[in-house]
Each structure stands twice: as C-alpha cells, then as structure tokens.
Amino acid sequence: MAEWQRARLIPVSGIGSEQEAETRATSALLAVIEAVRDLSTGMFAPLGASKAQKAEVRCYTEVPFKLGAGKNASRPDGLVQVTYGKSTWTALVEVKTGTATLDADQLNGYWDIAREQNFDAVVTISNEIAPSKDAHPTEGLKVRANSKVKVHHYSWTALLSMCEVIRDHRGVEDPDQAWILGELIRYLRHPNSGATAFDDMGPDWVAVRDAARDNGLRKNDPAVRDIAQRWDQLLRFAALRLEADIGQSVTQQLPAAQREVPKRLQHLVDQVVTGGCLDGVLRIPNTVGDLELSVDLRARRITAAVTVPAPDDRGGRARCTWLASQLDADVDRRLVVEAYARNARTATTATLEQIREDKDCLLGEDKKDPAKFRLVLTREMGVARKTGRTSPGFIDSVLALITDFYGTVIQDLTAWTPKAPKITRAVPSAEPDALTEGDEPPALTVSDGAKAPPGSDPLGDTSPPGQPPEQRGAPAY
C-alpha cells in the first residue's frame, strides 16, 4: 500500500506545456470556486458580489464574445456569475501561469466587452504581484478610478494564501467542500501547476547588489528601479506567507508620503543609491508593534525590529525585567535590545543575555527610566538571486528572518496596559444597616417628609386599598 498512488481530483501529471498548465489551472480554479462557497465569497465579495451564503455561483470557461460589428470573437479564459435574488454580479476572468505576463491590449479588449455587456468587473490572475493592494501589475490599462467596470488582480500566491486561511483557520463547514478545497491547495502547491511563488530577484540582482557595495549606483539606472520594485513584491509575498501561517491579515504599512506607487518607488531608489539600503514595514493584527525590515546591501546584512512602549507605572529596573520576562530562552542570542529614555535620540544597548544577568545594564550612566524598547535581530544576507540554490538566496534569508523574528519574539510580546485608577476616598457601603430583632422598618414618607398614612399610596394616591388601579388614579405612562 505504501507504493499505491492516491487518486486526485485535479491531477498534476500529464501537463506538457505552459498553455496546458494555464488551461488546467483555470478550469480547476473555476470549478472549485463554484463548488466551495467560502472561496467564492472570499474572492468576489470584496469586489462587489453578494456574500449571501445561499447565493448561486456559476463559472464558465472560454466564453466567446464579439465586440462591435465585424470584430473577431474574443474568448476570455473564464466568466463568473454570482446571483442572489434579482441581483447578478458578473466578471470576466483572465488567467496566466508560469512566467507568462498579462497583456494590456488584451485586458483593454476584455474591459470593452464587459462595458458593452454591462458586466461588473474583469478579474486577472497570474504570478505577477501588484505594486500595491489596490493597484494592477499591468501598465497601460484604460480603466480609471471612476470607471463603472473595475479591473482587479489576484496573484496565485494570494489565492493560495486565501485558500489556506479558509481551510486551516476559518474552517469549511461542509466536509465535501473542505476536501475539494484541499485538493485545489495540493494542486496549486505543486510546481507543475504553474502557480509559482516569488522566487527570483531578477536578472539585475547581482549587478545592483555588487554596485551598491562599490557605491556605483545611479538613480536613473533601470536596473535599480527593477530591484526596488521586486523588493516591494517580496514584502507583499512575505506578508501573504505569514498570513497563511497565522490566519490573520498581514499588510504592508507605508507612510503617507509613500502611499502612491511612484513615490514609494522613488523612495526605494533614493535609498539604494545613497545608502545601499531597502526598507519596509509589515503590520500584523493584535501585536505589540509593527515588524520593521531593513536590508543593507553594502554590509550584506538584513535586520528585523519591533518597537515596544515601556510601562510607566514602575521604575527603570522593573521595566527591563518586564520585557525580559516575556522572551523565551529559545530567542536568537543575537537579539539586541535598545532602550530609549524619554526624548532621547540615542539608545542604551545590550543583548538579551546581558539584560537577564544585569537588569540595570539598559539604564545607562544617568539611570534614566526607558520610555520605549526596540528589539533588533540582524543576520547575514543571502546573496543568490533565486531560491533553492546551493548558496543561500536573498529571498530565502529574508523570509526566514521574518518567520523566526515573528515566531520567537513578536508573537510572545504583550503590550503593557495601565491599571485602572483607584478611588482614594472612603467608599460608603451600598447596603442599609441591618435591622436587629425588635426594630421596626422605617415608615414610607411622602415628598414633604411627612409620614404616609396607613393604607395610602406612597406616590400620593389615597384611594381605599383593594380598589382597581384604573379606578385609583394610577399615573399614566
């Protein structure tokens, strides 16, 4: 039995060309989208489709259309319809696998078809990673921000991450749908599927890496621009990888001045040319701080860091103890802690091992209490452009650092929460004094302080007892 091969819903054997890989991946994905409602909701609800669980999903492949009189037929790779009640959301789908890239003229033609047919969107899927969450990796598209028909993009990495989060973290209630989704995950993970991971820094990597070390880069060099773009793609790929592991959304965090793609790209180009550096920030929900990344191409070192606000309800030594107690013994010994006093520009630095031996080593000569800590882990940078090589790859080293730093440092840190303020004056008892035997309960009194007569209503009604309320003049509500 050990040699028996399991029957698979989506086999990877027999794929002989890139075109065949694209056709099979398209058909497999669309079939699973139709069968697994959780996946179709995850993909299309954010784009405007109904998220109702009972919505009907229909998927089609190679749907022919003619645009205008005398035009040749166009065949988008797929079409998806999500119907709930009288509302139907429709999108054309274009798919690429392997190293194939999306073509602007082809997508503009599909966009024209969608407009003519009154469809809602064009959805593209490829191994390309967009420069930002809401951007498209293909330049030259006609679609504008105010266009009724939108063009959306998913990388295969993003789809695989979505499938893993749905199955492993959110759960699929129907066991058959869970199995079908698992078959799609198994298929997309296989290299024959054409759904490849981000595994190459590009043909310009070695030249830019070495020129940065020799201080020989220029801002107008297209190779520098390419490496800057691929660095941001690597950050988004790393965020998707971490998202699949933890089941929570991980996003690239950009300052306001870099949120437009050209400005972000210019920032990275300037950094590489002037200092040989690249940077980025990943935001993970419910963590003590953002995961900061930086690369020094000249020193060939990569760094991960997180900033932790210090408690302000205790002294400096106790603040250091609070931090060290949260870090386990398996933390990398190279972890360095920087302590910043309030308004200080420079930090007092020590290793975690030194802090455990001497809790005062982070206080410095002036013994000022730390206002914040910055935990920093630096490692050697891989130099190869691709993953899986004999020599360590740059991408591999970055992904390993992110995983290790989050798993051994960030996920174990809990932010300090100030205690609730205390009441300083004496608090009177909420309970009345207990009655001793023989005491009579206090008589009810009316608003002027006089005792209420026996049998009367304390609200002022003096009707004889036993008379119905509607005859006794009960107050109206």
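Which residues line the largest cavity? They are Ala238, Arg241, Leu242, Asp245, Leu399, Ile402 and Thr403. This is a predicted model, in which local features need pLDDT of at least 70, side-chain atom pairs count only at pLDDT 80 or more, and totals for chains, interfaces and linings use all residues. Residues are numbered from 1 along each chain as its sequence is written, and side-chain values use heavy atoms, with hydrogens and water left out.

## The sheet

Let us turn to the strands. Helices (H or I, at least four residues) and strands (E, at least two) are DSSP runs numbered from the N terminus; two strands pair if DSSP finds at least two bridges between them. Five strands make up an open sheet with mixed pairing, in the order E1-E4-E5-E6-E7. Its edge strands, E1 (56-61) and E7, each pair on one side only. On average, neighbouring strands of this sheet are turned by 20° against each other, direction ignored (axes are lines fitted to C-alpha atoms, for helices over the stretch in contact, and angles run from 0 to 180 degrees between N-to-C directions).

At one edge, E1 pairs with E4 (residues 78-84) in the antiparallel sense over six bridges, and cysteine 59 stands opposite valine 80 in E4. At the other edge, E6 (residues 121-126) pairs with E7 in the parallel sense, over six bridges. Here alanine 121 is placed opposite lysine 150 in E7.

Strand E7 (residues 150-155) is largely enclosed by the rest of the structure, because five of its six residues are buried (under 20% relative accessible area, with exposed over 50% and partly exposed in between, for a 1.4 Å probe and protein chains only).

## Pockets and cavities

Now for the open and closed spaces. On a 1 Å grid over the protein atoms alone, a cavity is a set of points where a 1.4 Å probe fits but cannot get out, while a pocket is an open set with protein on both sides within 12 Å along at least five of seven lines; lining residues have an atom within 4 Å of a point. Grid points are joined across faces, edges and corners, and a volume is the space filled by probe spheres set on the points.

| Space | Volume | Nonpolar | Polar | Charged |
|---|---|---|---|---|
| Largest pocket | about 1,600 Å³ | 19 residues | 15 residues | nine residues |
| Second largest pocket | about 920 Å³ | twelve residues | ten residues | twelve residues |
| Largest cavity | about 50 Å³ | four residues | one residue | two residues |

In these classes, Ala, Val, Leu, Ile, Met, Phe, Trp, Tyr, Cys and Pro count as nonpolar, Asp, Glu, Lys and Arg as charged, and the others, Gly among them, as polar.

The largest pocket has 43 lining residues, and Ser132, Lys133, Asp134, His153 and Tyr154 lie nearest its centre. Two or more residues of this lining come from each of E7, H4 (156-170), H7 (222-246) and E8 (251-252).

For the second largest pocket, with a volume of about 920 Å³, the lining has 34 residues, and Glu128, Ile129, Phe198, Arg230 and Gln233 are the closest to its centre. H7 and H8 (261-275) are the elements that give two or more residues to this lining, with the largest share, eight residues, coming from H7.

Back to the opening question: the structure holds three cavities of 30 Å³ or more. In the largest cavity, H7 and H11 (394-408) give two or more residues to the lining, and H7 provides the largest share, four residues.
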